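Open the model in your viewer, show it as a cartoon, and keep a surface view ready for later. The tour goes from a sheet to its helices and then to a pocket.

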Amino acid sequence: MRALYINAYGGPEVMQIGELPAPEPKRGEVLIAIKASSINPVDWKVRGGEFKFITGRSFPKTLGSDFAGVVERAGAGVAVPAVGDRVYGITALMLRKPGAQAERLVAPLKRLRRMPDGMSFELAAALPVAGLTALNGLRQCGDLRGKTVLINGATGGVGHFAVQIAKARGATVTAVCSEPNAERARSLGAAVVIDYRKQDFTRGNVSYDVVFDVFGHLKFPAVAPVLKDRGAMVTTMPGPSLIARSVWQRVVGGKRIILGSMRDRPADYAELERLLADGSVKPVIDKVVPLAEAVPAYTALEAGGTVGKVVIRIA
Ligand SMILES: NC(=O)c1ccc[n+]([C@@H]2O[C@H](COP(=O)([O-])OP(=O)(O)OC[C@H]3O[C@@H](n4cnc5c(N)ncnc54)[C@H](OP(=O)(O)O)[C@@H]3O)[C@@H](O)[C@H]2O)c1
């Protein structure tokens, strides 16, 4: 099968496209003919060896977390989904599972979701990691009606979902992004846009019910002064000090820290699909490229400036 893979950790130069043996489904797994996969930062972080204490030293490693495709064969003990069913989901790249940017992928049943009728493979592949992360971060903030929500990193993969979901839930949204993407942020539903290169919102005099740090580099002491009394900072990058601080904040009460990692329960997919179906969320696909152009697509995304998602068409 053709695949995007690496034989060593490193920058974009270690990525190769070539032939690898097709995998075989074991008991409880399904073999999927992959049609599309979108790129997420976790893919290039794994490629760079950022999690090598978990991802280990066995190569070749295929890349890609999000997938959409067709069930080609079911392993023993699998009755549903059936051969020919259109499915999408996430492969746990960080936990040494095979990547999705390949013509075939084996995945356990719990990682699969039937695609809604009429949804394209490209759209389905753009949803899981980014959409479910935005959903999970905001879900933990409770009722957002009448609240003020700031999204830091508002036009990227996770951020562009978060702006739309927060707006759909009744919040007034402030988007923090680079100036060229300001108009896009407004069209997603932001009432106020801040250019992070010109203005540091943590030093401003406006306070928010929620600051969702999608970009993931803010520290709680910097954000706390612009949170309202019972406000919450949500982060997509829960490092040890933020995790410890989140426990402490729960003990002392007041302002909260929410660890907004991705969650992929069936109810989460159902909620995301409902938001798409009723038009509250319109995913933005910046580009669809063939597998042969995956390496320049990664390089462009890593350089920043992209709006929404970039999808690789596999077949
Ligand atoms: N824990 C989890 O489960 C989980 C799940 C998904 C994602 N994540 C993490 O969340 C982060 C964002 O993911 P993503 O898919 O949204 O990435 P992305 O598509 O690359 O988007 C990143 C966004 O951050 C913006 N940005 C860059 N520099 C900034 C700054 N100094 N201040 C504010 N915003 C800035 C970018 O804007 P410009 O391009 O306009 O500069 C871009 O919109 C990544 O680190 C990813 O690994 C974690």
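Select the open sheet, in which six strands (DSSP runs of E, at least two residues, numbered from the N terminus) follow the order S11-S10-S9-S12-S13-S14 with parallel pairing, where two strands pair if DSSP finds at least two bridges between them. At the edges, each pairing on one side only, are strand S11 (192-195) and strand S14 (256-259), and the twist averages 20° from one strand to the next. This is a predicted model, in which local features need pLDDT of at least 70 and side-chain atom pairs count only at pLDDT 80 or more, while totals for chains, interfaces and linings use all residues. Residues are numbered from 1 along each chain as its sequence is written, and side-chain values use heavy atoms, with hydrogens and water left out.

Next, select strand S10 (residues 172-177), which pairs with S11 in the parallel sense over four bridges; valine 176 stands opposite isoleucine 194 in S11.

Now add helix H8 (residues 240-252), which packs on the sheet and touches S13 and S14, contact being heavy atoms within 4.5 Å. Its direction makes about 135° with that of S14, with axes fitted to C-alpha atoms, for helices over the stretch in contact, and angles running from 0 to 180 degrees between N-to-C directions. Helices are DSSP runs of H or I of at least four residues. Helix H4 (residues 128-139) lies across strand S9 (148-152), strand S12 (208-213), strand S13 (227-235) and S14, and runs at about 150° to S12.
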